[in-house]
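Subject: Structure for your review

Hello,

Here is the structure I said I would pass on. My notes on what was found in it follow below.

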Amino acid sequence: MKKINALVETLNAKEFEDKYPNYDLEDGKVHVLYISPCLNGTGYYRAIAPALELNNTDSHSAIISSIHKWNFNKQFDDYDSPIDEELIRWANYIVLPALFTDATYIINILQKIKEDSQSEDDLQFVMDLDMNYHKLPEIHPNHSKITKEMEVQLLDNISKMDILTSPSEDMLDYYDVLIEKAHPKTTVFLEHLPNLISEYGYTEVKPLKRNEGHTVKIGLIGNASTAFDSMSILNVLKKVKKKHPN
């Protein structure tokens, strides 16, 4: 976590060159810009860790515009997420989280900035979904927060993307059907992108005490937003424990 904390501190710098030290228009790499993830499980697995890992490659360079302190009561649209125009000129791909307000204006503005830069590269928009907002069970903490209007708007925003990514192939299949029905003319490409297990999250963590017994131990890692995912396998864990009591 030390490197992630260092990244947060870097993004709090006042000067552009201090905030984005790997900004380079002439590095010959594919440039991926992640827009303002939160410092939570989703932000880590779907933006922060991937960005850090991409910067270890010779082919890609990634920049995170900013990192928000997570507020459980907020959606991405509720945060203030200004983007420096230089980052738009630099980017080949812009990765966005789920958007529940009309994204048409911001997409058009970002495209205009890119076009005015006279860049030879196109700007591609990517939306990343780590949960199915159209099929949240009633016990999910976000169920009461997502209205039918928000579901419609999210689907409309997805239709304006170049790429939709998700850690779940089943969820992509579900959205493929929804998009085809609501926006049959869209050309959005659906791509399965599993959660990244990165050493950045655990390199400074002290190793767990070695299991010297014969009991198999299963640990679940998550937070409030992923609690339902853990609950969904609870019955399976109970059956395993009952079948193998020792």
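Aspartate 121 counts as partly exposed, with a relative accessibility of 44%. This is a predicted model, and what follows should be read on that footing. The residue sits in the loop between helix H5 (104-116) and S4. Setting aside neighbours within four places in sequence, aspartate 121 is in contact with Asn92 and Lys114. Aspartate 121 and valine 30 are 91 residues apart in sequence, while their C-alpha atoms are 9.8 Å apart in space.

Strand pairing

Strand S1 (residues 30-34) has 4 of its 5 residues buried, so it is mostly covered. S1 runs parallel to strand S2 (residues 60-64), and 5 bridges join the two. Within that pairing, histidine 31 has serine 61 of S2 as its bridge partner, and leucine 33 has isoleucine 63. S2 is likewise largely enclosed by the rest of the structure, because 4 of its 5 residues are buried. S1 also pairs with strand S3 (residues 93-96), again in the parallel sense, over 3 bridges. There, tyrosine 34 is matched with valine 95 of S3. Taken with helix H3, strands S1 and S2 make a right-handed β-α-β unit.

A second right-handed β-α-β unit is made by S5, helix H7 (residues 169-182) and S6. Its strands, S5 (residues 163-166) and S6 (residues 189-192), pair in the parallel sense over 4 bridges. Threonine 165 stands opposite glutamate 191 in S6.

Serine 36

Which residue has a positive phi although it is not a glycine? It is serine 36, with a phi of about 45°. For context, most residues other than glycine have a negative phi. Serine 36 is placed in the loop between S1 and H3. Serine 36 has a relative accessible area of 1%, which is under the 20% cut-off, and therefore counts as buried.

Nonpolar core

The largest nonpolar core holds 54 residues, of which Ile94, Leu129, Tyr133 and Tyr175 touch the most other members. Helix H3 (residues 41-54) gives the largest share of this core, with 7 residues. One of the four named members, tyrosine 175, has these contacts once neighbours within four places in sequence are left aside:

- Leu129, Met131, Asn132, Tyr133 and His134, among them;
- Leu154, Leu155, Ile158 and Leu164, also included.

Glutamate 151 and leucine 96

Glutamate 151 lies in helix H6 (residues 148-159). Is glutamate 151 buried or exposed? Its relative accessible area is 14%, so glutamate 151 is buried under the 20% cut-off. Leaving out neighbours within four places in sequence, glutamate 151 is in contact with Tyr133, His134 and Ile146. Tyr133 and His134 also appear among the contacts of tyrosine 175.

Leucine 96 is found in strand S3. With a relative accessible area of 9%, leucine 96 is buried too. Not counting residues up to four places away in sequence, leucine 96 touches Ile35, Phe125, Val126, Met127, Asp128 and Met161. Leucine 96 and glutamate 151 are 55 residues apart in sequence and 16 Å apart in space, C-alpha to C-alpha.

Second largest pocket

The second largest pocket encloses about 420 Å³ of space. Its lining has 20 residues, and those closest to its centre are Val32, Tyr34, Val95, Thr165 and Leu193. Tyr34 and Val95 are the bridge partners already mentioned for S1 and S3, and Thr165 is the residue opposite glutamate 191. At least two lining residues come from each of S1, H3, S3, strand S4 (124-128), S5 and S6. Which element gives the largest share of the lining of the second largest pocket? H3 does, with 4 residues. The largest share of the nonpolar core also comes from H3.

Regards

Methods:
Residues numbered from 1 in each chain as written. Predicted model: local features only at pLDDT ≥ 70, side-chain atom pairs only at ≥ 80, totals over all residues. Heavy atoms only, no water. Core = buried A, V, L, I, M, F, W, Y, C linked by side-chain atoms within 4.5 Å. Buried < 20%, exposed > 50% of the residue type's maximum accessible area, 1.4 Å probe, protein only. Contact = heavy atoms within 4.5 Å. Pairing = 2+ DSSP bridges. Right-handed = clockwise from strand over helix to strand, strands pointing away. 1 Å grid on protein atoms, 1.4 Å probe; cavity = no way out; pocket = protein on both sides within 12 Å on 5 of 7 lines; lining within 4 Å. Points joined across faces, edges and corners; volume = space filled by probe spheres on them.
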